[in-house]
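Colleague: Could you take me through one part of this model up close, residue by residue? I'd like the surroundings as well, with the numbers kept in.

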Amino acid sequence: MFSARYTPGVDLNIDDNSSSNKLNKFPFKRKREDSSSESESSSSSESELEEEEEEEEEEEEREDEDVEMNTSEKEHEENIDSSIDSTKFFTPEPEPLENNKHNAIFERFKQTINLQDSLPEETESVKQQEVELHDLTPIPQPSKVYLPKLRDTFLNESWSHLNKIYYDMTQETEWSKIHSQKLINDTLYDNLINNLKFDKVMPVQTTIIENYLPILLKNYAISKSTYTLKSGDVLINSFTGSGKTLAYSIPILEILMKRKLNKLRCVIVLPTTILIQQVYTTIIQLAKNSDLIVATSKPNSMSLKEETEKFKNLKMDILITTPGRLVDHLNSQSISFKDLKFLVMDESDKLLNQSYQDWVNVVMKAIKNVNVSKFVVSATLTKNTEKLELLKLNPTRTNLFLLKDDEGEEQENIEENEVKTHKDGIYQLPKGLQEYNMKLKFKDSIYKPLFLARLLNLIHKKTSNSNNTKNIKRVLVFVNSNQSSLRLTPLLVKLVSQYNENINVYSTNSNNSNLQNKQALESFNEDNENKCNVLITTDIMSRGIDLLITDVINYNLPISSQQYVHRIGRTARGMNKDIGNIYNIFIGNDDYKYYSKQIDRYLKRFNNNDTEHKTIVSANETQLKEISESLDERGSEALSYKHILKEFTK
């Protein structure tokens, strides 16, 4: 079964014939006799081989010991005769082996040893330098270098190609002077004085009437088909309450009153239906005693089908509408732009952020082959190049009207990525405006409605100004959602009844019907002597609403500086320089940090160095600090508030 082990020098006496037979034949089955005989023969042969191997190994060990003794004696003699560096050492070379796969490793090992022997020895000085120790003192650092804050003086790219016309607050004049220069006709002048009760012209109105209207009249006298193209487009960037509606309405009405046939020549686009009614009222009063026909298109007034049939038979001169309804009428072909001369986009920054049915591209396509003069108006006029490009402004004749600040520096030089002071903001606030910050601790956030009730009571008790002899107070309270308005209104009604019975609270939101919102606005706008009317609303009332508002409270902070500008712009409007108080309520440090970094840094304010004004502001800040102090949670006021709160949470 097993082959015999081969040992050199030992003859196994195996016949050639038998070996050939074993190699050529493979026995699959064997008899028991054969297997037993083979095992006996193999065991005897293996024992003989093992004895022979042991004898040979003993002889080889003896020979190796003799060789080692001889070599050690020779090496000892050589060491005595020759001086060899003690640091070097030698390794015995392994005997060469045939087909040894470790030869490469041994070769590399020898090369490494040789390289180590060839390296120079390290001196004691080098070793001392590496282990040099230092005292436990701070390592000296270079002094800090502070780069100076640079202010960019280049113009914004989106406004750089425009024809900029600056105005300041000293350009206020009277309508009689404008009329004497024959810049407006007698009908307009009478309506301004008798209907609108305006005797003075705001600075932005003066600048546009004196700089743009003469060019428009001159080009109209030359050609009635291309006068708008030659006059160019108009961009107006002016703070809230500065009279922008009259600024674009008077030049347009002055031209349209000269026409002979009724055709749609002016479209005014507004973001909300509330603004439509307000602008419509102003235009109607200006166009009184003329044959101009002014129409409005509001989504909630009548169905689109009824309005379409009405417009097909109506020869109107001016249409005031929203972007969505305008696209609907263009698609239904109930109106045509073939005779259009003026396109006004009031509150343009909000309009350009809206994408109702892609209204901008639809309208621009409709006026592509028509000579139209565009009026782009806003208190926060966009500098976004992409959005302005959508309006297809006149590349060579576009006038931009800007306010110049007290130091003679223009607003468009301020970049939004700069850290700004109150003098270097982007958006100008009204002049007769005073802001107050009411800081509450985070632990008092649950009592925020109660602090609001305290603030309203303080506002009502303040003495009236000289021009407000009836002591009428109208306060707008801004929240960030309809849900907040719905929760806050009934709670505030209950709370203010404990402080003062002369405080009336109203609310407008999208959950109310149009009739309910209209009634709330009418009640809020009533002249009730020694009353304080409060209106809780959202940002829908922050655009263009022209009411006599004495105070604005930001119960929830706006999300951007643009919203803040439009919110506070509801007060200190027009010539009402003696009113305009803003109250910002902060909860903890986070609200104040957000206000400082995201809102306040972009605002631009007028300087007011009046001593009397500073005294009033200081007194108001002291009173505000008193009412914003922490509440005693076990006091009667806090317990009463918690009891009321439980009633509303059941």
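Modeller: Here is a walk that starts at one serine and works outward from there.

Bear in mind that this is a predicted model. Ser-373 sits in strand β9, which covers residues 373–378. Ser-373 has a relative accessible area of 0%, so it counts as buried. Its side chain reaches the backbone oxygen of Gly-232 at 2.7 Å. Setting aside residues up to four places away in sequence, Ser-373 touches Tyr-212, Thr-228, Gly-232, Asp-233, Lys-341, Phe-342 and Leu-343.

Two of those names lead on to the rings. Tyr-212 and Phe-342 belong to one aromatic cluster, together with Tyr-220, Tyr-227 and Phe-375. The structure holds nine aromatic pairs. One of them joins Tyr-220 and Tyr-227: the ring centres are 5.0 Å apart and the planes stand at 90°, so the pair is edge-to-face. Both of these tyrosines are buried. Another pair is Phe-586 with Tyr-592, where the centres are 5.5 Å apart and the planes lie at 70°, so this pair is edge-to-face too. Phe-586 is buried, at a relative accessible area of 0%, whereas Tyr-592 is partly exposed at 31%. Tyr-592 also has a charged partner, since Lys-439 lies over its face at 4.0 Å from the ring centre. You'll find a similar arrangement at Tyr-555, with Lys-448 over the face of the ring and 4.5 Å from its centre.

Back to the part of the chain around β9, for two backbone details. Strand β8 spans 342–346, and Glu-347 is in the loop between β8 and α14 (348–353). Glu-347 has a phi near 55°, which is positive although the residue is not glycine. For context, most residues other than glycine have a negative phi. Glu-347 is buried, with 6% relative accessibility. Asp-358 also has a phi near 55°, again positive in a residue other than glycine. Asp-358 lies in the loop between α14 and α15 (359–366). At 42% relative accessibility, Asp-358 counts as partly exposed.

Another serine makes a good companion to Ser-373. Ser-485 is in helix α18, residues 482–499, and is buried with a relative accessible area of 0%. Its side chain makes a polar contact with the side chain of Ser-507, at 3.0 Å. Ser-485 and Ser-507 are 22 residues apart along the chain, and their C-alpha atoms are separated by 7.1 Å. Not counting residues up to four places away, Ser-485 touches Val-479, Ser-507, Thr-508, Asn-509 and Ile-536.

Ser-507 and Ile-536 bring us to a helix with strands packed against it. The helix is α19 (residues 514–524), in which Asn-517, Ala-520 and Phe-524 are buried. Looking down the axis of α19, these buried residues fall within an arc of 60°, so they line one face of the helix. The general rule is that an α-helix has 3.6 residues a turn, so residues three or four places apart point the same way. On the other side of α19, Leu-515 and Lys-518 are exposed. The buried residues of α19 pack against β13 (473–478), β14 (503–507) and β15 (532–537).

One more contact set, towards the end of the numbering I've used. Ile-627 lies in helix α22, residues 611–627, and is buried at a relative accessible area of 16%. Leaving aside neighbours within four places in sequence, Ile-627 is in contact with Met-438, Phe-451, Arg-454, Leu-455 and Leu-458. Ile-627 and Met-438 are 189 residues apart along the chain, yet their C-alpha atoms are separated by 9.1 Å.

Finally, the whole-chain figures, to put these spots in context. The protein chain has 23 helices and 18 strands, and buried residues make up 42% of its 650 residues. Among contacts between residues at least 6 apart in sequence, 80% join residues at least 24 apart. The accessible surface comes to about 38700 Å², of which 49% belongs to carbon and sulfur atoms.

Notes:
Residues are numbered from 1 along each chain as its sequence is written. Side-chain values use heavy atoms; hydrogens and water are left out. Helices (H or I, at least four residues) and strands (E, at least two) are DSSP runs, numbered from the N terminus. Buried means under 20% relative accessible area, exposed over 50%, partly exposed in between (1.4 Å probe, protein chains only). A polar contact is a pair of N or O atoms within 3.5 Å; within protein, one must be able to donate a hydrogen and the other to accept it, and residues adjacent in sequence count only if both atoms are side-chain atoms. Contact means heavy atoms within 4.5 Å. Rings of Phe, Tyr and Trp (its six-membered ring) pair if their centres lie within 6.5 Å; planes under 30 degrees apart count as stacked, over 60 as edge-to-face and the rest as tilted. A charge sits over a ring if NZ of Lys or CZ of Arg is within 6 Å of the ring centre and within 35 degrees of the ring normal. The arc is that of the directions from the helix axis to the C-beta atoms. Accessible areas come from the Shrake-Rupley method with a 1.4 Å probe; for residues, only the protein chains shown count as cover.
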